[in-house]
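Please open the model in a viewer and keep the selection panel at hand. The tour proceeds from one selection to the next.

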Amino acid sequence: MTLLDEDRLFPTEPAVRGLARALYDEISDLPIISPHGHTDPRWFAENQPFPDPAQLFVTPDHYVFRMLHSQGIPLEDLGVPRVDGGATETDSRKIWRLFAENFHLFRGTPSRMWVEHAFQEVFGVTKRFSAETADEIYDQISDCLGRDDFRPRALFERFNIEAISTTESALDDLKWHKMIRDSGWGGNVVTAYRPDAVVDPEFDGFAQNIARLGDLAGEDATSWTGYLAAHRNRRAFFKSFGATSSDHGHATARTEDLPQDVAAKLFDKALQGKCSADEADMFRGHMLTEMARMSLDDGLVLQIHPGSARNHSADITARFGRDKGYDIPTRTDYVTALRPLLNAVGERSDMTVILFTLDETSYTRELAPLAGVYPALKLGPPWWFYDSYEGMMRFREMATETAGFYNTVGFNDDTRAFCSIPARHDVARRVDCSFLANLVATGRLAEDEAPEVAHDLTYRLAKQAYRL
Amino acid sequence: MTLLDEDRLFPTEPAVRGLARALYDEISDLPIISPHGHTDPRWFAENQPFPDPAQLFVTPDHYVFRMLHSQGIPLEDLGVPRVDGGATETDSRKIWRLFAENFHLFRGTPSRMWVEHAFQEVFGVTKRFSAETADEIYDQISDCLGRDDFRPRALFERFNIEAISTTESALDDLKWHKMIRDSGWGGNVVTAYRPDAVVDPEFDGFAQNIARLGDLAGEDATSWTGYLAAHRNRRAFFKSFGATSSDHGHATARTEDLPQDVAAKLFDKALQGKCSADEADMFRGHMLTEMARMSLDDGLVLQIHPGSARNHSADITARFGRDKGYDIPTRTDYVTALRPLLNAVGERSDMTVILFTLDETSYTRELAPLAGVYPALKLGPPWWFYDSYEGMMRFREMATETAGFYNTVGFNDDTRAFCSIPARHDVARRVDCSFLANLVATGRLAEDEAPEVAHDLTYRLAKQAYRL
Amino acid sequence: MTLLDEDRLFPTEPAVRGLARALYDEISDLPIISPHGHTDPRWFAENQPFPDPAQLFVTPDHYVFRMLHSQGIPLEDLGVPRVDGGATETDSRKIWRLFAENFHLFRGTPSRMWVEHAFQEVFGVTKRFSAETADEIYDQISDCLGRDDFRPRALFERFNIEAISTTESALDDLKWHKMIRDSGWGGNVVTAYRPDAVVDPEFDGFAQNIARLGDLAGEDATSWTGYLAAHRNRRAFFKSFGATSSDHGHATARTEDLPQDVAAKLFDKALQGKCSADEADMFRGHMLTEMARMSLDDGLVLQIHPGSARNHSADITARFGRDKGYDIPTRTDYVTALRPLLNAVGERSDMTVILFTLDETSYTRELAPLAGVYPALKLGPPWWFYDSYEGMMRFREMATETAGFYNTVGFNDDTRAFCSIPARHDVARRVDCSFLANLVATGRLAEDEAPEVAHDLTYRLAKQAYRL
């Protein structure tokens, strides 16, 4: 018995399934390029064993604990730490059993497939996860985790990761990245520049963050020109640890291209904590354009991740803090919002802006038409709630006719769940091969062209767009 | 010859069709749970024969007469009553012939399938409906309607309805429900609490409605606390006639959680007819949260049906009144709108809020992410214009990956067309089995798990969510 | 070898494919009705040979050059003329090679299929287009273009076009249409009334345009009543050259039905160039309703094409002017926006308003519910970026259940690329047959009804809706 169907996610009509499988067989062993994600560089720096199954699969994975919570299971019972340091469940086996008893909740979800993929392919588990098998599977995974060939670097190599990017704050000292480099280990782990803390006037401790930015960069970051110079300095520092991109997660896609004196005054106001909500948004929007201009010089790819309403539940945020599954997608406008940035750099073919969305209605209406004409613009893969069979298929069906394949950039796993990386890339590869097989079967792509496209979507486009 | 294809709505690939049919065979005979709808309790109270085919299938069914009207047929010719009591067609056979001559307009619509299902399964009609067969079919159905085994209670039993909910105004005396109960008949017909007339300051005669509410409840409903007490009293009265839910049809999904003194002042303004449009909306929004708090005490499930722009044509509304097919869906925002209510009760796992939408773009972007984390929140089935093969399939494809199956609540027929009830539930069962068969065939669900899910979607989830 | 798969765009399941093919075989040879488009009447008037392959396929086709540009190819290199008259590439063979080298960019796009259809069916090219074959194919097409049977009128007849509509400004003298008529050639080429220049206060030279309108019509068009009379006069003139429709491309779907004195004052303000942006929008919206009222008298079909944000790139617009692929769809609201017009004429079954959209989310939520009830309203086919396999399939899947087939109006090619006309109609016919075959295979339409529907969608509905 196995948990995974060998032909999963392929079309059901036998001839088309055959086409998809043939395409997949040619690309399934390609190395993983993971140009955007949230793995912890400390894992690879220290190379310590992962603690236990619950701490690997449940407690840190918001996809998993949000679903369990949606059916009334308190986050405390899943071991999610409380802001006040109060008691939460610490018995990992107990947490694991709770997960097992409720595993039916994940039927039809991508989490189910990711977990079963990791169970089978990483840990050799082939029994269905349930209350009955919970302990046996816990023991089996625990045993593995104690072995050297399940330490982070060994898994990295076994997962066939050619390059992976983590994401660090602009204020991070990158000590784990330094430790990785100094270790002499050959794994290619790079960082990415994430400046939320120093471009968002509403971020906790903005003024102190700017001061710290100045210290790190050796600039007077409290003046507008010093502030920009400090960014340039930090970007160079990040580049020295392999960074090829910056990453920007804003509530909206708003961009601005203000005159420098106006931007400078807005920055002063931000430093004094006097920005209105709209001014703070304007400042964030302007900083996207400044970042884009810096990209023209230093070559970092600019990634924009807009549209999440963060921390929707006041109660959960108060008790458990940020990133607890309460970030909800919102309607996002791109056409008007991106115009200032695109008018500033959109015609440049020597730089790359990668756009993501949490609003699928924008694929056909806004994103594909924009990426299908502006040389600088490319579409990121389906993200977050859309990192799934249906989400990926809708993306290809909705974006390809107007943007083509070559204004997209391959797959991003965007994950902090290390063992799900091969699973997620495998899903993307299968969906792309299924989509291509359908094109071939309906006369929209020649059969001899499909393998090249499959290879591009799996490997070349990500490598090239992210300069990895 | 038959009107219905035995394998209708199943996937076309033979192997997957076989999977779907096997699932369907296991659940097709399950009793109907109909937890939300608009059948008339008087039918079951008096148990009189239905009048004639036109009055059963055409005149009261806005799906049918709106389509006929869209091609230029005056509503008068279809027997739809005029506000001024003026002449409309009264010859049911003439109306029936008009319906028959234009039956091709319904090609590709769910109405076509509902009508043919009722023709074949309820009345034994197996000929195609057309100008040629109109009279013959009219006679055949008329003959049936005259027989005792086609009276409402007999059909109720033949339809295998285990429980059905009607919907009554908070001001209704529930006399038909009383008559049903007093009759000793065993059919389980419950009511639902619909307070539009007494929570919407813009409702016709709002102040008089409040006075009447106070009389019925024995409370001074003109004071804020008395008004809330009156609601509690009426909800208890409705519960005594089996109600397990309240139902709220607002133009938007706006909710508010105002301080009690602010709410009280707003209520005074509403009573005096001095609310602005925005204040009226705010009051309605606040009352959703008050209703939710009452649900914490009395256990009624809170249903929210937002997003319909009612009575779009001024001319038709003036001549024929409300509910004449001119209610049009509108863009609906949930993320911001629901936050006050969710912050008040969303974390409670001892209550249920069921959300419906007329804006399908909200499934992946807003509703599934919200229902996939808040313990109190569940997603209602596709509603109104989406109560169809494509609408239901899109719902499953768009909601399941993030919300799973267990944050949904089975099917609602939501109908006033009694004979369409088995048809609508049959469509839902077939679509769900097709969706599940596709999951199995693409390795996203194990074959041995699918029957349990099919049973849950058909029967258990509705029964459990609505406490029926 | 052929470029085109004979069964392209048909369902992949063999039995359903067979159904689709059988339907297609019955309608594939029907004449083309092209009731809305942008071919140049001069072609048919002068009947001169088309110049060369690049000027036929690349330089004038924004679908083609926007995709090439999106990957960094300057518009100059594609021969797109500059506003300042500066140098752009004039070597058509060089442009052609650039197109060939980058033809892989069009994989999975409708442009790929249109180009290959024209290559094979019009010019007999059967080799894959690439850098290697570029010159050979250039020569083959060039040779054809020099022959009499490839002149515009010969192609018109070979394409089996029964009727085609061009689109001309209200200020056009229709001299090419006169020349066609005077020539005695039998091709049915009609015009359509496009009054943007004289209904949009923000149009370049609005006041001069109004003066010119008055001159052409022999009316004092600077008074409100004279202005309306001038429109009536020009509409009659256009009708004398076969026009059966007017066409209105506005940024939004806003309509107004202002009192005549208010409209008159707004018109004065517009003439004086004093309208605010909102007032200009209000005036355009009101003129839609005036045009609709004129349609009640003269029978012209009113077409509304809303929702494009024009000339998104300031740089490209400055250097190359309008219509350079930088028009981006935007979110469009219909429910509120159309209410004034629908309240004025929506209940009239003696007139036709055809609505188009660039916002697919409106199909199920707004457009199908509106067209499914208002007698005057019909849905136009998928337009612009949605004139494709996926776009057309989504339209049928999303619109049919609520609007049926008979509130739609067949296909429009809407193109200025003459050789793509047969290709585009062929795509529409195949998609419709595939959709119908799926309905039959899933028991949603009887097999004996499908051929009639296929014929209606291909031929009758367009002819009837546009009175051609």
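A salt bridge is here a side-chain nitrogen of Lys or Arg within 4 Å of a carboxyl oxygen of Asp or Glu. With that criterion in mind, select A:Glu390 and B:Arg444 in this predicted model: their side chains form such a bridge, with an N to O distance of 3.1 Å. In total, 6 salt bridges are counted between chain A and chain B.

**The side of chain A that touches chain B**

Extend the selection to the elements of chain A that each supply at least two residues to this side: helix H1 (14-27), helix H4 (62-70), helix H6 (110-123), helix H15 (314-320), strand E9 (328-329) and helix H18 (389-403). By class, the side comprises 17 nonpolar, 16 polar and 15 charged residues. Polar contacts between chain A and chain B number 29 residue pairs, both residues being at pLDDT 80 or more.

Next, display every residue in contact across this interface: 48 residues of chain A meet 46 residues of chain B. The two chains bury about 3800 Å² between them, and 51% of that area lies on carbon and sulfur atoms. Now highlight A:Arg107, A:His312 and A:Arg331, which supply 21% of the area that chain A buries against chain B, more than any other three residues.

**Chain A by itself**

Hide the other chains and colour chain A by secondary structure; 20 helices and 11 strands will appear. Its C-alpha trace spans about 70 × 60 × 45 Å along the principal axes. The radius of gyration of chain A is 23 Å, which agrees with the value near 23 Å that a compact globule of 468 residues would have. Of these 468 residues, 66% are buried. Among contacts in chain A between residues at least 6 apart in sequence, 76% join residues at least 24 apart.

**The interface of chain C and chain A**

Restore chain C and select its contacts with chain A: 48 residues of chain C touch 46 residues of chain A. About 3800 Å² is buried between these chains, 51% of it on carbon and sulfur atoms. On the chain C side, C:Arg107, C:His312 and C:Arg331 lose the most area to chain A, together 21% of what that side buries.

How many salt bridges does the rule find across the interface of chain C and chain A? The count is 7. As a final selection, take C:Arg128 and A:Asp448, a salt bridge whose closest N and O atoms are 2.9 Å apart.

Technical notes: Residues are numbered from 1 along each chain as its sequence is written. Chains are lettered from A and ligands numbered from 1 in the order in which they are written. Side-chain values use heavy atoms; hydrogens and water are left out. Contact means heavy atoms within 4.5 Å. Buried area is the accessible area (1.4 Å probe) that two parts lose on being put together, summed over both. Helices (H or I, at least four residues) and strands (E, at least two) are DSSP runs, numbered from the N terminus. The radius of gyration is taken over C-alpha atoms; the globule rule is 2.2 Å times the number of residues to the power 0.38. Buried means under 20% relative accessible area, exposed over 50%, partly exposed in between (1.4 Å probe, protein chains only). A polar contact is a pair of N or O atoms within 3.5 Å; within protein, one must be able to donate a hydrogen and the other to accept it, and residues adjacent in sequence count only if both atoms are side-chain atoms. Ala, Val, Leu, Ile, Met, Phe, Trp, Tyr, Cys and Pro count as nonpolar, Asp, Glu, Lys and Arg as charged, and the others, Gly among them, as polar.
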